[in-house]
Amino acid sequence: MIVEILLGALFIFGTVALTLAAYFLMRLIMGSEAEGHEKELASSIIFRVAALHGLILALVFAQEMVEYQQLKYTMAIEAGAIADIYFDAGRYGETYKAPIEQAISAYAAEVIDGEWQSLGDKGRLSQQAWVYWDAAYQHVLNLVPVNKRQESLRSQMLERLHDISQSRTKRESNVADSIDSIFWFAALAGVIFIALAYYSFPPMPRNLLLLCLFGAYTGIILFLIYAFSNPYQPPAALAPGPLERVQQQISASTSATGG
């Protein structure tokens, strides 16, 4: 938690420092106080640059938030698929359920204990989780239904295994599609250009306070964009809560049946 607070403070104070540095540098270059027509032109430029800058930040922030929420939704679907496969294996028949249950349970444990950390550190899925997924898939494929009930259950388990596969692909692509350095260049350039255009206003305490507020709020937005850009790392790391709850249900079911 302390690291996240320090990182947030770094974004905020860094943006404020960048804003003030650009402002005073422009004041130093331009020399004497600006005339009336300069202030009008500067205000016009500030308005246009700030509008474009705000639009860029808003679009990227909204995109990151949407992807973050989609990841949570996809994870919930995956957790439901794991539960469906595990319990449908029991409904299929006592003779066939053990290998499927073991494979899908091992898959869930690997995703929680290994893959989540791997995504945060390397941005890659766990190969061992794929091995467990493939084992469950092979066991379900090898089932030979003898009635309509088993045929329906086998079809549903295969469909839910495909849902898991798609969820895993989306999970990895979410890391691969992280924010490009071009965005950070555009975001920081916008802060600098806006601050430069304020040179026509004298460095009075109230003016400097307003510039600091602008820099601080921009820093907060940039920090939030950075935080949500990788949902597997702090400061906005997303915990595999739905998967953990499914694992608890599986463990409780195993204990209840004496497995």
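In which kind of crossing, left-handed or right-handed, does H1 pass H6? The views below come from a predicted model, and the first one has the answer.

**View 1. Helix H1 meets helix H6.**
Here are H1, spanning residues 2–30, and H6, spanning residues 181–197, with axes 7 Å apart and an angle of about 45° between them. H1 and H6 are therefore oblique to each other. The crossing you're looking at is right-handed. On the H1 side, the contact is built from Phe11, Thr15, Leu18, Thr19, Ala22, Tyr23 and Met26. Helix H6 brings Trp184, Leu188, Val191, Ile192, Ala195 and Leu196 to the contact. Sort the residues of this H1–H6 contact by type and you get 11 nonpolar, 2 polar and no charged.

**View 2. Helix H1 again, now against helix H7.**
Swing over to H7 and the packing angle with H1 is about 135°, the axes being 8 Å apart. That angle makes H1 oblique to H7. The H1–H7 crossing is right-handed. From H1, the contact takes in Glu4, Leu7, Gly8, Phe11, Ile12, Thr15, Val16, Thr19, Leu20, Tyr23 and Phe24. Among the H7 residues that meet them are Leu208, Leu211, Cys212, Phe214, Gly215, Ile220, Phe223 and Tyr226. The tally for this contact of H1 with H7 is 16 nonpolar, 6 polar and 1 charged.

**View 3. Leu10 and Gly31, two spots to find around H1.**
Leu10 sits in helix H1. Is Leu10 buried or exposed? Leu10 has a relative accessible area of 58%, so it counts as exposed. Its C-alpha is 9.9 Å from that of Ile220, although the two residues are 210 apart in sequence. Gly31 belongs to the loop between H1 and helix H2 (36–92). With a relative accessibility of 43%, Gly31 is partly exposed. If you want to see how far the chain travels from there, look for Ala76: it is 45 residues from Gly31 along the chain, and the two C-alpha atoms are separated by 60 Å.

**View 4. Helix H2 alongside helix H6.**
H2 and H6 cross at roughly 155°, and their axes come within 9 Å. The two helices are therefore roughly antiparallel to each other. This time the crossing, H2 past H6, is left-handed. Ala42, Ile45, Ile46, Val49, Ala50, His53, Ile56, Leu57 and Val60 are the H2 residues in the contact. Across from them in H6 are Phe183, Ala186, Ala187, Gly190, Val191, Phe193, Ile194 and Ala197. The residues in this contact split into 15 nonpolar, 2 polar and no charged.

**View 5. His53 up close.**
His53 is part of helix H2. It's buried, with 6% relative accessible area. Leaving aside residues up to four places away in sequence, what does His53 touch? The neighbours are Ala186, Ala187, Gly190, Val191, Ile194 and Thr218.

**View 6. Arg168 and the residues around it.**
You'll find Arg168 in helix H5, which covers residues 148–176. Arg168 has a relative accessible area of 0%, so it counts as buried. Not counting residues up to four places away in sequence, its contacts are Glu78, Tyr107, Val111, Glu115, Leu125, Ser126, Ala129 and Trp130.

**View 7. Aromatic pairs.**
The model holds 12 aromatic pairs. One of them joins Trp116 and Tyr232 edge-to-face, with 5.3 Å from centre to centre and 80° between the planes. Trp116 is in helix H3 (residues 94–121) while Tyr232 is in the loop between helix H7 (205–229) and helix H8 (241–257), so the pair ties together parts 116 residues apart in sequence. Both Trp116 and Tyr232 are buried. Now take Phe183 and Trp184: their ring centres are 5.0 Å apart and their planes lie at 65°, so this pair is edge-to-face too. Phe183 is buried at 10% relative accessible area. Ring pairs also link Phe11, Phe183, Trp184, Phe223 and Tyr226 into a cluster.

**View 8. A cis peptide bond at Pro235.**
Pro235 lies in the loop between H7 and H8. Going from Pro234 to Pro235, the peptide bond is cis, with omega near 15°.

Terms used:
Residues are numbered from 1 along each chain as its sequence is written. This is a predicted model: local features need pLDDT of at least 70, side-chain atom pairs count only at pLDDT 80 or more; totals for chains, interfaces and linings use all residues. Side-chain values use heavy atoms; hydrogens and water are left out. Axes are lines fitted to C-alpha atoms, for helices over the stretch in contact, and angles run from 0 to 180 degrees between N-to-C directions. Helices (H or I, at least four residues) and strands (E, at least two) are DSSP runs, numbered from the N terminus. Angles under 35 degrees count as roughly parallel, over 145 as roughly antiparallel, 65 to 115 as roughly perpendicular and the rest as oblique. A crossing is left-handed if the near helix is turned anticlockwise from the far one by less than a right angle, and right-handed if clockwise. Contact means heavy atoms within 4.5 Å. Ala, Val, Leu, Ile, Met, Phe, Trp, Tyr, Cys and Pro count as nonpolar, Asp, Glu, Lys and Arg as charged, and the others, Gly among them, as polar. Buried means under 20% relative accessible area, exposed over 50%, partly exposed in between (1.4 Å probe, protein chains only). Rings of Phe, Tyr and Trp (its six-membered ring) pair if their centres lie within 6.5 Å; planes under 30 degrees apart count as stacked, over 60 as edge-to-face and the rest as tilted.
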